[in-house]
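Me: I'm new to reading protein models, and I'd like a close look at the aromatic rings in this one. Could you walk me through them and what surrounds them?

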Amino acid sequence: MADIDNKDQAEMDPADMEDVEEVEEEETGEDENSKARQLTVQMMQNPQILAALQERLDGLNGSPSGYMESLPKVVKRRVNALKNLQVKCAHIEAKFYEEVHELERKYAALYQPLFDKRSDIVKAAYEPTDEECEWKADEEEELTVSKQDEMKEKAKLEEEKKDEEKEDPKGIPEFWLTVFKNVDLLSDMLQEHDEPILKHLQDIKVKFSDPGQPMSFTLEFHFEPNDFFTNTVLTKTYKMRSEPDESDPFSFDGPEIMSCTGCTIDWTKGKNVTLKTIKKKQKHKGRGTVRTVTKTVPNDSFFNFFTPPEVPENGELDEDSEAVLAADFEIGHFIRERIVPRAVLYFTGEAIEDDDDDEGEEEADEENDADYDPKV
């Protein structure tokens, strides 16, 4: 049988032989492709290989595509001219923000009488008139006449009951403490031992640097007399810069906080909530006796806000200090730009709903953005 096969093969046309060889090669190629696919699947199921690939891809993010290197020298030269123009744009933008700061200072003086009146109402220094207290609800909030009458009668009875139980509260009790509790960014800083102190907070003011002085703003926390410290005002000053960094001018994106300075709190003896006393047992190595040692250590408190890490002259900070300052700068900006101007809306919770809506819109925009990278 083998002889017959050999004979047939010998008599087979050479062209037919080539066809047979091609078929065999195709079959071999398909086998190799199948093995390659199987190997790829196995590799992609390996967490270590996936992590290595991801690290490699991350390293490529932001790296030059090679396109610039491929450009002719004369074109690169013109691109450099465009970059120089961009630097000039950054310096003009810096001047724009300086003028914005001047406008903020100008309008702060117009807002302040309103904020002062707000403070007077909160601390019961001024009782608003009936006309000032009238508030027209939105159409969605309006009730039927009968329902309104029913609610008014019920409210009247409750008020009378309260009057019998105790005197009317003065001003708006715990106004700023409630604001702090309603805002996640601030409530995360609050400890239970901070709350009795913040009940005495009567106002927060923003003061801008004087014309001609380096750009800065100061947060002033005004307290009524209390048993915790003798200060009537606690301050936090943020120094800002509105000019491009010479070493990286393209990173400029408006004024940035460079450093901040707190203040000394004159605590009443035994009332300093930023420190706590702990007791530790120590064993004498030689004698074997045990003694109890009392130590004072730092304690979590909102009032650590007034003792931020100092920024050294060279600007270099360890990772922990950088993280603390980054959070501090965010809080300072938020108090200045949102809390102080819209305090009553954070007290009622209305501003929080608006912020949530804004965040939802931003997230939707990011998800619909083809270039959006969640890691960035």
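Reply: Happy to! Keep in mind that this is a predicted model. Let's start with the setting. The protein has 376 residues, of which 23% count as buried, and its secondary structure consists of 13 helices and 6 strands.

Now for the rings. The count comes to 21 aromatic pairs. One of them joins phenylalanine 96 and tyrosine 97: the ring centres are 5.2 Å apart and the planes meet at 70°, an edge-to-face arrangement. Tyrosine 97 has a relative accessibility of 24%, so it counts as partly exposed, since buried would need a value under 20%.

Another pair is made by phenylalanine 302 and phenylalanine 303. Their centres lie 5.3 Å apart with 75° between the planes, so this pair is edge-to-face too, because angles over 60 degrees get that name. Both of these phenylalanines are buried.

Phenylalanine 302 and phenylalanine 303 also belong to a cluster linked by ring pairs. Its members are Phe180, Phe221, Phe223, Phe229, Trp267, Phe302, Phe303, Phe305 and Phe306.

Let's visit some neighbours of that cluster. At Phe305, the charged end of lysine 236 sits over the ring, 3.4 Å from its centre. At Phe306, look for threonine 264: the two C-alpha atoms are 7.6 Å apart, although 42 residues separate them along the chain. Threonine 264 lies in the loop between strand S4 (256-261) and strand S5 (275-283). With a relative accessible area of 61%, threonine 264 is exposed, because the value is over 50%.

Phe229 has a neighbour worth finding as well. Its backbone nitrogen is 3.1 Å from a polar atom in the side chain of asparagine 226. That side chain also reaches the backbone nitrogen of phenylalanine 228, at 2.8 Å. You'll find asparagine 226 in the loop between strand S2 (216-223) and strand S3 (233-241). Its relative accessibility is 14%, so asparagine 226 counts as buried.

There is one more charge to find over a ring: the charged end of arginine 336 sits over phenylalanine 217, 4.7 Å from the ring centre.

Finally, here is some wider context for partners that are distant in sequence. Among contacts between residues at least 6 apart in sequence, 57% join residues at least 24 apart. As you rotate the model, try going from phenylalanine 302 and phenylalanine 303 to the rest of their cluster, then out to lysine 236 over Phe305.

Note on methods
Residues are numbered from 1 along each chain as its sequence is written. This is a predicted model: local features need pLDDT of at least 70, side-chain atom pairs count only at pLDDT 80 or more; totals for chains, interfaces and linings use all residues. Side-chain values use heavy atoms; hydrogens and water are left out. Helices (H or I, at least four residues) and strands (E, at least two) are DSSP runs, numbered from the N terminus. Buried means under 20% relative accessible area, exposed over 50%, partly exposed in between (1.4 Å probe, protein chains only). A polar contact is a pair of N or O atoms within 3.5 Å; within protein, one must be able to donate a hydrogen and the other to accept it, and residues adjacent in sequence count only if both atoms are side-chain atoms. Contact means heavy atoms within 4.5 Å. Rings of Phe, Tyr and Trp (its six-membered ring) pair if their centres lie within 6.5 Å; planes under 30 degrees apart count as stacked, over 60 as edge-to-face and the rest as tilted. A charge sits over a ring if NZ of Lys or CZ of Arg is within 6 Å of the ring centre and within 35 degrees of the ring normal.
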